[in-house]
Amino acid sequence: MAAFIGVPLVVHEQPRGILAMGRTGPGHYGEDDLQNALAFANQAAIAIENGRLYKETIAEKRKTETILKESFSGIVVTDVDLRIVSFNSGAEAITGFRAEEVVGKRLTEVLGAEIAAPESALGRVMATGQRMPPQETVIQGAAGLRDILQGTVALHDANHNLFGYLVSLADITRLKEVDRLKTDIVANVSHELRTPLASIKAYTELLMDGLEGEDRGLRDQFLRTIDQETDHLSQLISDLLDLSRLEAGRFEVRKGAVDMGELLLAVLRLLEGARRSQEVLIHTEVPDGLANLMADREMIMMILRNLLSNAIKFSHRGGEVLVSLQQSPERLVLRVVDHGIGIPAEALPHLFQKFYRVRSATESGIEGTGLGLVLTKQAVDAHNGSIDVESEPEKGTTFTVRLPWA
Ligand code: ADP
């Protein structure tokens with residue numbers, strides 16, 4: 001080699017490499033060549049450093065994107081006009097919408113106006129530009145309304161220019177439901193206790209005042225009401241006790257031979273008062289020679305009583321109810337069919353939750369505690385059976401219970 005120039009590649013005053021030039025032909029390098037080599041080395045060093053920074057930035061971006069994408073919390077990024085830029089899997093899970101169907105749309109179009117209402121976290125951040133603590137709000141999900149805890153941060157670039165918002169969503173629908181249920185429990189139980197107590201007290205006072213005089217018929221009527229209301233009270237209390245016992249896992253299944261036909265008649269006798277006041281007609285279908293069921297008589301009675309009393313209660317006046325027992329080789333199938341007010345589809349998944357009552361039932365003033373079906377399901381489960389419900393509003397409801405023979 002005839003000539004050689006070597007200059008260091010320096011980035012931030014740190015040597016990062018060498019730029020080497022050589023020539024084999026005749027001639028030599030002068031001062032100019034050295035200056036050119038140095039200038040070129042500077043450019044090359046900057047390019048190499050930029051390349052490295054770019055790679056780092058891309059890696060960092062990927063990392064952040066993965067964190068955002070995989071986070072269980074819902075994270076939505078919008079531009080300043082609230083158009084959705086990114087929608088992570090947490091947001092998909094909470095709202096029921098897929099990212100590809102919502103990216104590019106306005107947030108309020110997708111989740112409802114409330115999310116950006118003036119008093120919402122997003123609304124306030126938009127108005128004041130300040131950080132806000134998360135707030136409860138309601139969004140319109142794909143499958144209905146969801147309660148959400150929503151936080152918002154305004155996003156600024158390096159030059160402090162606003163370029164969008166980061167909206168985080170936590171689904172608190174279940175928590176709110178439990179909260180509402182607890183309030184309902186207290187309201188329901190106290191209401192349920194107060195109504196029969198008030199009537200017992202009123203009739204007792206009438207009797208003490210001797211209002212019935214010599215009228216034995218009237219006296220008997222007063223006493224009968226007091227008797228019925230007392231039964232109602234003890235029913236409620238025993239439901240509550242059964243429930244706490246079931247919950248504590250202290251419900252012992254005492255199996256014995258149960259004659260289902262006979263048990264059904266006993267339950268119908270118990271419900272005769274309710275049936276008559278609702279003017280409901282009850283048909284029964286019990287096959288001849290139905291085998292005995294090996295089960296806990298008390299629990300099976302509870303199942304029959306709850307399903308039948310609901311069928312009566314939620315029937316229209318003068319309606320008809322069918323109770324049928326069928327036998328298959330493995331199971332006894334009990335069906336209770338009514339043609340009453342029915343249950344809306346969205347309420348069906350909640351029927352077996354404690355204290356849950358369908359709004360149409362409470363609104364039409366039909367009394368109940370929302371415990372009957374919880375107890376029924378627990379009793380069915382304790383026998384390794386199954387319970388299903390089919391219903392249509394204003395058409396009626398069918399409950400089907402399948403119980404193994406032993
Ligand atoms: P309760 O009858 O004391 O309210 P349940 O647990 O037995 O409680 O029933 C829960 C809710 O399910 C009822 O409040 C009612 O809204 C609905 N439901 C149950 N059975 C029927 C039925 N046969 N027809 C219509 N709605 C029903």
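**View 1. His-12 sits in the loop between strand 1 (3-11) and strand 2 (14-23).** This is a predicted model, and our tour starts at this loop. The phi angle of His-12 is positive, about 45°, although His-12 is not a glycine. Is His-12 buried or exposed? With a relative accessibility of 65%, His-12 counts as exposed.

**View 2. Glu-279 is another loop residue with a positive phi.** The loop in this view runs between helix 9 (272-278) and strand 9 (281-285), and Glu-279 is found there. Its phi is near 55°, a positive value in a residue other than glycine.

**View 3. Helix 5 (residues 121-128) has buried residues that pack against neighbouring elements.** Which residues of helix 5 are buried? They are Ala-121, Leu-122, Gly-123 and Val-125. Look around them and you will find their packing partners: helix 4 (107-111), strand 5 (135-141), strand 6 (144-156) and strand 7 (162-171). Just after the helix comes Gly-129, which takes a positive phi of about 75°.

**View 4. Met-126 lies in helix 5 and is partly exposed.** Its relative accessibility is 36%, so Met-126 counts as partly exposed. Leaving out residues up to four places away in sequence, Met-126 touches Leu-82 and Tyr-165. Try finding Val-153 too: Met-126 and Val-153 are 27 residues apart along the chain, and their C-alpha atoms are separated by 9.4 Å.

**View 5. Helix 8 (residues 260-270) crosses helix 10 (residues 297-313) at roughly 50°.** Two packed helices are described by the angle between their axes and the distance between the axes. Here the axes come within 10 Å. That crossing angle makes helix 8 oblique to helix 10. The crossing is right-handed. On the helix 8 side, the contact is made by Met-260, Glu-262, Leu-263, Leu-264, Val-267, Leu-268 and Leu-270. Helix 10 supplies Arg-297, Ile-300, Met-301, Leu-304, Arg-305 and Leu-308. Sorted by class, this contact has 10 nonpolar, no polar and 3 charged residues.

**View 6. Helix 10 also packs with helix 12 (residues 372-382), at an angle of about 145°.** The two axes are 9 Å apart, and the crossing is left-handed. Which residues of helix 10 take part? They are Met-299, Met-302, Ile-303, Asn-306, Leu-307 and Asn-310. Across from them, helix 12 brings Gly-372, Leu-373, Leu-375, Thr-376, Ala-379, Val-380 and Ala-382. The residues of this contact divide into 9 nonpolar, 4 polar and no charged.

**View 7. The largest nonpolar core has 47 residues.** In soluble globular proteins, nonpolar side chains tend to be buried together. The residues with the most contacts inside this core are Met-260, Leu-293, Leu-307, Leu-308 and Leu-334. Which element gives the largest share of the core? Helix 10 does, with 10 residues. A second, separate core has 23 residues, including Ile-94, Leu-111, Ile-139 and Ile-148.

**View 8. Leu-334 and Ser-324 are in contact with each other.** Setting aside its neighbours within four places in sequence, Leu-334 is in contact with Ile-303, Leu-304, Leu-307, Val-323, Ser-324, Leu-325, Phe-399, Thr-400 and Val-401. Ser-324 is found in strand 11 (residues 320-327). Ser-324 is buried, because its relative accessible area is 5%. Apart from residues up to four places away in sequence, Ser-324 touches Glu-285, Val-333, Leu-334 and Arg-335.

**View 9. Ser-309 in helix 10 and Glu-60 in helix 1 (residues 31-70) are paired here with partners elsewhere in the chain.** Ser-309 is partly exposed, with a relative accessible area of 23%. How many residues apart in sequence are Ser-309 and Ile-48? They are 261 residues apart in sequence and 82 Å apart in space, C-alpha to C-alpha. Glu-60 has a relative accessibility of 44%, so Glu-60 counts as partly exposed. Between Glu-60 and Ala-379, the separation is 319 residues in sequence and 56 Å in space, again from C-alpha to C-alpha.

Notes
Residues are numbered from 1 along each chain as its sequence is written. This is a predicted model: local features need pLDDT of at least 70, side-chain atom pairs count only at pLDDT 80 or more; totals for chains, interfaces and linings use all residues. Side-chain values use heavy atoms; hydrogens and water are left out. Axes are lines fitted to C-alpha atoms, for helices over the stretch in contact, and angles run from 0 to 180 degrees between N-to-C directions. Helices (H or I, at least four residues) and strands (E, at least two) are DSSP runs, numbered from the N terminus. Angles under 35 degrees count as roughly parallel, over 145 as roughly antiparallel, 65 to 115 as roughly perpendicular and the rest as oblique. A crossing is left-handed if the near helix is turned anticlockwise from the far one by less than a right angle, and right-handed if clockwise. Contact means heavy atoms within 4.5 Å. Ala, Val, Leu, Ile, Met, Phe, Trp, Tyr, Cys and Pro count as nonpolar, Asp, Glu, Lys and Arg as charged, and the others, Gly among them, as polar. A nonpolar core is a set of buried Ala, Val, Leu, Ile, Met, Phe, Trp, Tyr and Cys residues joined through side-chain atoms within 4.5 Å. Buried means under 20% relative accessible area, exposed over 50%, partly exposed in between (1.4 Å probe, protein chains only).
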